[in-house]
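User: I am new to reading protein models. Please take me through one, feature by feature.
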Amino acid sequence: MSWQDVCQSIRDQLGDDAVYTGEACIPYAADRWARGEAPPAVFLPRNPEQTARIARTLYEAGLPFVARGLGTGMSGGALPLGKAAVVSFERMTRIAAHPESLTLEAEPGALLKDIQTAAAAHGLMYPPDPASAEECSIGGNIAENAGGLSCVKYGVTGDFVLALDIVLPDGRTLVLGSRARKDVAGLDLKRLIIGSEGTLALITGAVLRLVPQPQASVSFAVWFRDAASAVESLRKLMQSGVTPARAELIASACLTILANEGVPVPDGAGALLLLSLDGSPAAIRAEREAAAIVLGAQAIRMETASREDEERLWNIRTRLSPAMKKLAPIKINLDIAVPLDRQAEFIAFAEDLAAARGRMIAIFGHAGDGNLHVNILLREEEYAGAHDFADIIFRQAVALGGTITGEHGVGIAKSDWLGLRLDPLTLDLCRAIKKLFDPKNLLNPGKAYYPGPDANIERLI
Ligand SMILES: Cc1cc2nc3c(=O)[nH]c(=O)nc-3n(C[C@H](O)[C@H](O)[C@H](O)COP(=O)(O)OP(=O)(O)OC[C@H]3O[C@@H](n4cnc5c(N)ncnc54)[C@H](O)[C@@H]3O)c2cc1C
């Protein structure tokens, strides 16, 4: 069956507006990391049944396809390689909160921000909070097992998924997990889908766990001489039994960038920890005292903000990425993660390497999770050397017991380095699992751990 025949068949089954071809497909060629070739067609299901029909038709025709949420991925995961079609979930956006069971049902195209708002309307909270909340979908979050600022206390996306509705590449449908909070029946295939980067199945629905909204919160901006004292102080705080709701490190070069933006950086400061605590007012009072003692021991300045004006402190972090983009046309954002006690060593290594090679880097990140963003700032003519530089950074992260990606996924961007993190036997197992789900290798070919067509892409960062 040709593309034309497949498009006609899907139009006949679902109506003309379920299929885009030609120029309408161009916006579906890119995510936030790179642009590929425009797909031959985009299919837009309105429900799981339509999704299954699309998959079945494509699989029978032997034509490749890739799921797409809202295209904010940072690793090329949603790019249609090898003339793959796109199955876009932008029309499947229904959300239903069930406060009586502290759960929420969502279709895959639902905007994360809308899910957070729907939970908040019942005094509840869906904690995973990637910074892209206003523009990414829950389907994309589940496929990437996305993290965010609040994951240090609450966990990542996968920790909040109770059940998934999925469509296998050949169109068969199933439910993985259940509405029960505990369920150990059989192998945990739901966990296999979470973080599988759209390589195993199409996610058509999710049941998410909610928690009560904390009654109170307080935030701190704590300035240190260097990153080592900042991460050591944070580790001591966490060891003392205080788990911050958010704990972000902003290290050395970032402070120079912030100072240029008009942020008042204290003399001698080489690192900033932004922290927030949440819970009941009584718990906050006790934790706030503990934080003042533990962090105060090495801090050179500490500023506190109550719930009403804490966003003023967090705005410091929000300003960073736009400020970096003013400094260099290219900003490569690596998202490595290392064990909590190796962060200072990693940062020192990366900064020494940058100094030795005359590169500009700026490091910030989720220090409560050891998930650090190494931003390599480059001029156009410097881009060629970036691969080697990133290679050394990835090797060091893995050598310290960490990983090449803590939240953005492998996609195409890091497939060259996956072998550093996974041994050959693990990679073989991943590929064998892919063959069970997708024997014809038609779903999201060429991504993450499974070889596929060469990527003809133009990077966007
Ligand atoms: C400004 C900005 C800030 C960001 N901050 C963070 C952050 O703090 N933490 C973080 O983890 N990430 C962050 N990201 C990355 C990105 O937003 C996340 O990876 C997000 O989960 C992608 O969602 P999406 O809907 O845009 O997915 P897409 O980019 O459309 O797709 C991503 C992957 O998911 C697959 N997929 C999408 N929907 C489905 C589905 N229904 N079924 C199966 N597979 C599917 C795709 O095939 C692709 O492989 C950020 C991105 C930006 C631009």
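User: Which element gives the most residues to the shell around the ligand?

Analyst: First, two ground rules. Residues are numbered from 1 along each chain as its sequence is written. This is a predicted model, where local features need pLDDT of at least 70, side-chain atom pairs count only at pLDDT 80 or more, and totals for chains, interfaces and linings use all residues. Helices (H or I, at least four residues) and strands (E, at least two) are DSSP runs, numbered from the N terminus. Now your case: helix H4 gives the most to the shell, with five residues.

User: Which residues come nearest to the ligand?

Analyst: A residue is near a molecule or strand if its C-beta atom, placed from the backbone, lies within 6 Å of it. Here 35 residues surround the ligand, and Gly69, Gly77, Gly139, Gly140 and Gly198 come nearest. Strand S4 (65-68), helix H4 (138-144) and strand S11 (202-209) each give two or more residues to this shell.

User: How many residues of each class does the shell have?

Analyst: Classes are simple: Ala, Val, Leu, Ile, Met, Phe, Trp, Tyr, Cys and Pro count as nonpolar, Asp, Glu, Lys and Arg as charged, and the others, Gly among them, as polar. The shell has 14 nonpolar, 15 polar and six charged residues.

User: What are the domains here?

Analyst: Domain bounds come from an automatic or database domain assignment. This protein is divided into domain 1 (3-90), domain 2 (95-212), domain 3 (214-316) and domain 4 (328-442). Domain 1 and domain 2 each supply at least three residues to the shell around the ligand.

User: How many residues of domain 3 and domain 4 are in contact?

Analyst: Two residues are in contact if their C-beta atoms, placed from the backbone, lie within 7 Å. Here 18 residues of domain 3 are in contact with 14 residues of domain 4. On the domain 3 side, helix H7 supplies the largest share, seven residues. That side has 14 nonpolar, one polar and three charged residues. The C-alpha centres of these two domains lie 26 Å apart.

User: How do I read a sheet? What is the strand order in the one with seven strands?

Analyst: Strands of a sheet pair through backbone hydrogen bonds, either parallel or antiparallel. Two strands pair if DSSP finds at least two bridges between them. The open sheet of seven strands has the order S16-S13-S15-S14-S18-S19-S17, with antiparallel pairing. Strand S16 (301-306) and strand S17 (330-334) stand at the edges with a single partner strand each, so one side of each has no neighbour in the sheet. Inside, strand S14 (246-251) and strand S15 (271-279) pair over six bridges. Glutamate 248 has leucine 274, in S15, as its bridge partner.

User: Which helix lies across S14, S18 and S19?

Analyst: Axes are lines fitted to C-alpha atoms, for helices over the stretch in contact, and angles run from 0 to 180 degrees between N-to-C directions. Helix H12 (343-357) lies across those strands, running at about 165° to S18.

User: Is cysteine 136 buried or exposed?

Analyst: A residue is buried if 20 or more other C-beta atoms lie within 10 Å of its own, exposed if 12 or fewer, and partly exposed in between; C-beta atoms are placed from the backbone. Cysteine 136 has 22 such atoms within 10 Å, so cysteine 136 is buried. Cysteine 136 lies in the loop between strand S8 (124-125) and H4. Leaving aside neighbours within four places in sequence, its contacts include Gly69, Leu112 and Asn141.
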